[in-house]
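Grab a coffee and open the viewer. Below are a few exercises to work through, each with a solution that goes step by step.

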Amino acid sequence: MQLQLCSLSHTVPVCGLCFLLDFFLPTCLLFVSHCLLHISLSSLFQHYFQQKFHFLVMDDFVRTKLAEWGLSEWVEKFKDQEIDAGIICELDDREIENLITKAGPRMRFKKNLKLLKEKQNTNQETVNSFQHEKEHEEAADVIQCEQEHDEAADVVQVLPSTSDTGKRKSDLQSDTIRLQSPAKRQRLSVPGFEEPVILSDVKSIMTFVHARLNKQDKLSDFLKKKISDLETDKRELVGVFGKTGAGKSSLINAIIKEKNLLPSGSINACTSVMIKVEANRGSLKYEAEIEFIAKEEWKEELWSFRQFLDNNKDQKKEDDDYHDAVEKLSALYGEEWEKSFENLMDRKYFKEIPEFLQSRRKILRCESANELSAKCVKYTRSESKQGEGNEGKKWFWPLVKCVTVRVPNNPFLQHVTLVDLPGNGDCNKSRDQMWKGIVGDCSTVWIVTEISRAASEKAAWGILESVSSLIGNGGECQQIHFICNKSDLLDDSDDLSSADIHDRIVKRNIQVKDGVRKEFNKRSKIKTHFTDDSFKVFTVSSKEFLKGKHLSSEETEITKLKGFLQDLNDCYSETVNYVSGAYGILSLIEGARCRKEGVGKADDVCKVLEKNMTEQLDQVKRAVDEAIKDFEQCLTEGVKNSKTSEEKLKSFLDRDKQPSFFKTLQAVVRKDGIHKTKKGEHINLNTVLASCLTDSIDEKFRKTFPNDVKGGSFSGVISRFSLDTNSLIQKYQDVKLQLIFLQTEEDKIKTKLNKIILKGKKIIYNSLTEAIEKNMKKCYEDARKISGNGALKKMRKTIEKHVSLNRNMYEDAKKTMLEKMNELMMIICKELKETMDHSIKLSLKASALSESLPDVSEHLETVQQHYNEDLLHTVTAET
């Protein structure tokens, strides 16, 4: 369709094309705008597109600039006044004062606006000169395109058969495509949008080149795959933890500027449902995608509930498991579950959610955040029965595994997903596995608590300690943000002036930050996984951010969190990776196409590269072998210290004098050693037993496998890997372009391997606890069969006896971990060797296939300019 729309520009009168575009605009805006930004169009249409589609860029420009300057809260005001990129620099002092009513933000805006004007003025002379030359060039292009089109049309009319023309049908198609070459396209350039424009420009070039690679041979197939592999979807996960009432939902709503998206207030958070919040890239509507647990899993839960309730008829209603079972059953079935368990899988109970029985996901689409929130409540929350109008309502959250909420037009969520996370220990295994997977994938974790008792809040620190190994050595987390919420609340503030309230809040915030940091330094369990630099404290107020009664937006520190999200959304790395890869691919195409048979020393270069490859792989193996030996020594010491783990287990089992301990132990063995009490205590006997091993390696593991992948024995040796292509380029100029391709391939494989290492290290670290859990499974099965008089004593004895007779499980866990480290080393070496060998052979030995390659010299020149100038200038500026 894109090429068809392009060809219209040569066959349809301007007014006719504009009519068609006007017709498409209301219904196909997103698709048409995408096409318009990626096809070649003559200057005859430029004015039309600027009039019709300027808002696609201008609104984003103003929004992005305000976010850059820490002024996101004023976006709506600018939008209401229709301030776009075309007039933002024309604002005078009076207009700025009307737009930004606070002195601090107004001064910051003026300062940044002045810098923006200076940048524009500096470039204006160059822009005018460029435009003058471009007008002459475009006029010549229009005449040339019309002549070429007329000639092609004449050929088609005079010669009905392609066999008579001297040109094949594919050649005519190639000529048609050539008319729309991106090299002739005038780029829309807006100050501050250099990287998105560069990325868009290079992507359109690579799409065009991919279409020209129409021959079916090894080299063309290789190049097509390389072009397709350039596309990457960067997405960072930010996990948000906090007990009910801590203000997680309000915080997320405030940060993404969607006041009513996630429900809060009188509605209690369900402890089972994860809520992901991300950008909606495919629609302008608010959407929710609801993923259910499998119906077979719900059948198993119903059976488990029935067995538990039948065997515990005298259960106290305040006990955890009784409350959990009754709450879930009552939410979904009302009082009907009490009559009979026989027909609870009947279709009549699932009329509103047929997708559950069909094992499909349910999609909700709404025009507003408020409407979507109202529809989502029954899938994400449990509501108090005291509320009016709740009679007969059904709540489907017991069947829900995860809800993904997608928000349109939100700059903070383009490459970021916020995840509202419940605590762990869910009795549904698939839900618990998903929880562990998401937590382990979070690059940042937010711990939200109320500021009143932030430093001493047991729940918040308990959450952080319980997940520290999952997000640290066993995960990808690089930063922990301890967020002290509701910082606007003060006791006895009724008689204070606004200035006094402000001063007391600011003073209290400083004290709280200091107290939280001191508490962090006491938490040795957390500090084995995280350094001081990775722990940050924020004192925030969602209410003050929205109303600004006593604090400025900066003092609420919401803007700091928004700035952090903006950094995660930064498209710089995406642009660098894409342009670098494109530059290499185009270099290879041009180098292979222009190379003459018998010229150059490809065989000599291949021999040198193969020698370098062997040497570099040996270095990788040696570095990894050394790391494995070091870990083996640590783990051997950990096995010797296994008694420390057993003493921790005994300390837990010695709680038998506590009145409710028997019920707690029953819950622990029923859930294979893992349980979270209603009071927030996290119990995991498997991690207790594995602690002798994990404690022995934690510090070394963090240094060997840092989550920022900038160093360490594994990642460090990858960053040092080099085939020394720079020196070869100086010596073998006739294959310079092929060597440039290999250089970019080297960078790409390093990036890929660092990701593989980051994923692999989670598997390696978690294998210790998983090995213990596997060994203990039979023990838990035996313990949960025990009932009657003396059951507690028998359960204790069963667990202690199993551990005593299975001390080899520590050695088995050690062997499992070392095996997985060796597996990772083999994957690294195999990926390096196979990828680079394949690239070397096809780039330097495939000259016989080069005749079919298109001429990409103009495109190479454009991309090389981006690679050498735009991106390197950005790197220099950041440095």
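**Warm-up: the whole chain**

Task: Find out how many helices and strands the protein chain has, and what share of its residues is buried.

Solution. Keep in mind that this is a predicted model. Start by counting elements: the protein chain has 32 helices and 13 strands. Next, go through the burial: of the 879 residues, 49% are buried. Then look at contacts between residues at least 6 apart in sequence, where 79% join residues at least 24 apart. Finish with the surface: about 43900 Å² is exposed, and carbon and sulfur atoms supply 49% of that.

**Exercise 1: the sheet**

Task: Work out the strand order of the nine-stranded open sheet, and say which strands sit at its edges.

Solution. Step one, walk across the sheet: the order reads β5-β4-β7-β3-β8-β1-β9-β10-β11, with mixed pairing. Step two, check the ends: β5 (362-366) and β11 each pair on one side only, which makes them the edge strands. Step three, look at the twist: ignoring direction, neighbouring strands are turned by 20° against each other on average.

Step four, zoom in on one pairing. Strands β3 (residues 274-279) and β8 (residues 416-420) run antiparallel and are joined by three bridges. One spot to click on is K276, whose bridge partner in β8 is V419. As background, strands of a sheet pair through backbone hydrogen bonds, either parallel or antiparallel.

**Exercise 2: two helices**

Task: Which strands does helix α15 lie across, and which residues of helix α11 are buried?

Solution. Take α15 (residues 369-380) to begin with: this helix lies across β3, β4 (286-292), β5 and β7 (400-407). Its direction is about 155° to β5.

Now α11 (residues 248-255). Seven of its eight residues are buried, so this helix is mostly covered. The buried ones are K248, S249, L251, I252, N253, A254 and I255. After the helix comes K257, which has a positive phi, near 60°.

**Exercise 3: an aromatic cluster**

Task: Are W461 and F482 buried or exposed, and why does their pair tie together separate parts of the chain?

Solution. The structure holds 20 aromatic pairs. W461 and F482 make one of them, with ring centres 4.6 Å apart and 25° between the planes. Planes under 30 degrees apart count as stacked, so this pair is stacked. W461 belongs to helix α17 (residues 458-471) and F482 to strand β10 (residues 479-485), so the pair links parts 21 residues apart in sequence. For burial, the cut-off is under 20% relative accessible area. W461 comes in at 1%, so W461 is buried, and F482, at 0%, is buried as well.

Now do the second pair. The ring centres of F520 and F535 lie 4.0 Å apart with planes at 5°, so these rings are stacked too. F520 sits in helix α18 (residues 498-522) and F535 in strand β11 (residues 535-539), so parts 15 residues apart in sequence are tied together. Both F520 and F535 are buried. Put the pieces together: W461, F482, F520 and F535 form one aromatic cluster.

**Exercise 4: charges over rings**

Task: Which ring does the charged end of K203 sit over, and which ring face does K700 lie over?

Solution. For K203, the ring is that of Y578, with the charged end 5.6 Å from its centre. For K700, the face belongs to F631, and the distance to the ring centre is 5.9 Å.

Note on methods:
Residues numbered from 1 in each chain as written. Predicted model: local features only at pLDDT ≥ 70, side-chain atom pairs only at ≥ 80, totals over all residues. Heavy atoms only, no water. Helix = DSSP H or I, 4+ residues; strand = E, 2+ residues; numbered from the N terminus. Buried < 20%, exposed > 50% of the residue type's maximum accessible area, 1.4 Å probe, protein only. Contact = heavy atoms within 4.5 Å. Areas by Shrake-Rupley, 256 points an atom, 1.4 Å probe, with all protein chains shown as cover. Phe/Tyr/Trp six-rings, centres within 6.5 Å; stacked < 30°, edge-to-face > 60°. Lys NZ or Arg CZ within 6 Å of the ring centre and 35° of its normal. Pairing = 2+ DSSP bridges. Axes fitted to C-alpha atoms, helices over the stretch in contact; angles between N-to-C directions.
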